[in-house]
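This report describes the fold and the ligand site of one protein structure. Please look over the sequence and the model first.

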Amino acid sequence: MFHSRITQAACAASRTAINAPTFSATRTFATAAPVSSAAKNHKVVVIGGGTAGLSISHQLLRTGKFAQDDIAIVDPSEWHNYQPGWTLVGGGLKTKEELRRPLKTLIDPKLKFYNNGVQAFTPADNLVTLANGDTVNYEHLVVVPGIAVNFNSIKGLPEALANPDALVSSIYGYDHCDKVYPNINRLKKGRAIFTQPAGAIKCAGAPQKAMWLALDHWKEAGLYDPANPAQSAIKISYATGLPTMFGVPKYNAELEKMRQERGVEGLFQHDLVAVEGNTATFAAPGGQVTQPFDLLHVVPKMGPHGFVKNSPLANEAGFVDVDDHTTRHKKFANVWSAGDASSLPTSKTAAAVTAQAPVLVERLVGSLEGRDPQPLYDGYTSCPLLTEYGKVMLAEFKYGGVPKETFGNWFGIDQGVPRKAFYHLKKDFFPWVYYESMVKGTWGGPKGWRN
Ligand code: UQ1
């Protein structure tokens, strides 16, 4: 076989690490805090040490215009996860442990690191209150804490995920992503349902990536025949809160064709609300619908962190209210945002950050120096969509759902066609370049390496 999958034994072994005492997957932004008078002043305070936070902080530092502790990063996490890799964990292609690093090891010593949550923003006073009550002052604030995955948004889900006997799993989280592949292996017959919620999520293509890999696995195991799904041991349904397979018309047409050709039942505008035993309940246009399942892959609803949503920085939906093209806050000129926490109306991916970060950094530094540079973010984002083992459809697009294909432009190939070369980009190159370069501020995505 041309692809190497991790054995079930290795997956099972990795599962024991879930309960390792040193790890806490939940980003706890505590609200109760002792009063403290400690005040710290920084030129730039960056909220979040995720993909956007690390890229932006290090790109700022690499301009050479900042001294020791001029820039601070605030994040309560102990670990940094390469989240795009969790689909590969779901497919048995990587372990979750190899995708994470201790956050502090990724932060340049020239940056001040507050390993703490945020309690409140007071932008009128250029001040952030940390979870421990300390206050931090800034000239410019970059708010990039990502979004929260709300497992509690679906009744019965936390219990089902925690139950080792229930074939209910999710690639959306460190604690659960390594339950996905063993579950796929365990299912020998019956009905598998893969869900996607209505509303904004990280990487809108990932819910179906999990399904396409599972389908391919069952096909190889002789349990699923795409040409004859009715006679197959396993039946597959895709239940999505959205009206289509994908939000961009060009790629949606290919994926919808693929769904039909592969015999997958489409339950559109079906938004999962509850899991109970072997029954899933969906909110659908005509009212609630229940569906029996033998295996369920769930994508929970996601939304802004409370400390962003309940702050003066948020728009009505709770995202940091920035201009679509400049990444600058609409009301507070010294506040910026990018990535998942931002209001930027594009698909939430690491690829989007490769295009957003340089715009934010150039404009912020220009502003500190009294200049007004004019780079614009065009909405670029990408979804390397695994359609089977060994093939990826590299969807790349900008605002308006308009394709902006890197390799289409260079080599004249159609990225609507799943290809082996893109599979290796997704599985091997992106995880490597991410830790080697992107978190250090030297990766420009489709534009290649930057200084
Ligand atoms: C990218 O730069 C990147 O970051 C490492 C990804 O990781 C998740 C991506 O998925 C994509 C698509 C890019 C964009 C880069 C190229 C070369 C198309």
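How many bridges join β11 to β12, and do they run parallel or antiparallel? The two strands are joined by 7 bridges and run parallel. Two strands count as paired if DSSP finds at least two bridges between them. Helices (H or I, at least four residues) and strands (E, at least two) are DSSP runs, numbered from the N terminus.

The structure is a predicted model, in which local features need pLDDT of at least 70 and side-chain atom pairs count only at pLDDT 80 or more, while totals for chains, interfaces and linings use all residues. Residues are numbered from 1 along each chain as its sequence is written, and side-chain values use heavy atoms, with hydrogens and water left out.

**The parallel sheet**

Strands β11 and β12 belong to an open sheet of 5 strands with parallel pairing, in the order β10-β17-β11-β12-β13. At its edges are β10 (168–169) and β13, each of which pairs on one side only. Within the pairing of β11 and β12, glutamine 196 has threonine 240 in β12 as its bridge partner. Strand β11 (residues 190–196) also pairs with β17 (residues 295–297), in the parallel sense and over 3 bridges. There, isoleucine 193 stands opposite leucine 296 in β17.

Strand β12 is mostly covered, with 6 of its 7 residues buried. Buried means under 20% relative accessible area, exposed means over 50%, and partly exposed lies in between (1.4 Å probe, protein chains only). Helix α6 (residues 206–220) lies across β11, β12 (234–240) and β17, and runs at about 175 degrees to β12. Such angles run from 0 to 180 degrees between N-to-C directions, with axes fitted to C-alpha atoms, for helices over the stretch in contact. Contact means heavy atoms within 4.5 Å.

**The antiparallel sheet and a hairpin**

Another open sheet has 3 strands in the order β14-β15-β16, with antiparallel pairing. Strands β14 (271–276) and β16 (287–292) stand at the edges with a single partner strand each, so one side of each has no neighbour in the sheet. On average, neighbouring strands of this sheet are turned by 25 degrees against each other, direction ignored. Strand β15 (residues 279–284) is joined to β16 by 6 bridges. One of the pairs is threonine 279 with its bridge partner proline 292 in β16.

Strands β6 and β7 form a hairpin with 4 residues between them. Their pairing is antiparallel over 4 bridges, and phenylalanine 121 stands opposite valine 128 in β7.

**Three loop residues**

The table gives the place of three residues and their relative accessible area.

| Residue | Loop | Relative accessible area |
|---|---|---|
| Asparagine 126 | between β6 (118–122) and β7 (127–130) | 27%, partly exposed |
| Glutamine 269 | between β13 (265–267) and β14 | 41%, partly exposed |
| Serine 347 | between β19 (335–337) and α9 (350–368) | 17%, buried |

Asparagine 126 is a residue other than glycine with a positive phi, near 50 degrees. The phi of glutamine 269 is also positive and near 50 degrees. Leaving aside neighbours within four places in sequence, serine 347 is in contact with Ala204, Ala352, Thr381 and Phe397.

**Helix α9 and the ligand**

Leucine 364 is found in helix α9. Is leucine 364 buried or exposed? Leucine 364 counts as buried, because its relative accessibility is 0%. Not counting residues up to four places away in sequence, leucine 364 touches Val44, Leu60, His140, Val142 and Trp336. Leucine 364 and proline 292 are 72 residues apart in sequence and 52 Å apart in space, C-alpha to C-alpha.

The ligand is surrounded by 17 residues, of which the closest are Ser382, Pro384, Glu396, Trp443 and Gly445. A residue is counted here if one of its heavy atoms lies within 4 Å of the molecule. An oxygen atom of the ligand is 2.7 Å from an N or O atom in the side chain of tryptophan 443. Taken alone the ligand exposes 440 Å², and the protein buries 95% of that. These areas come from the Shrake-Rupley method with a 1.4 Å probe. The elements that give two or more residues to the shell are α9, β20 (381–388), α10 (406–411) and α11 (420–436). Helix α9 gives the most, with 3 residues.

Terms used: Polar contact = N/O pair within 3.5 Å; in protein donor to acceptor, adjacent residues only side chain to side chain.
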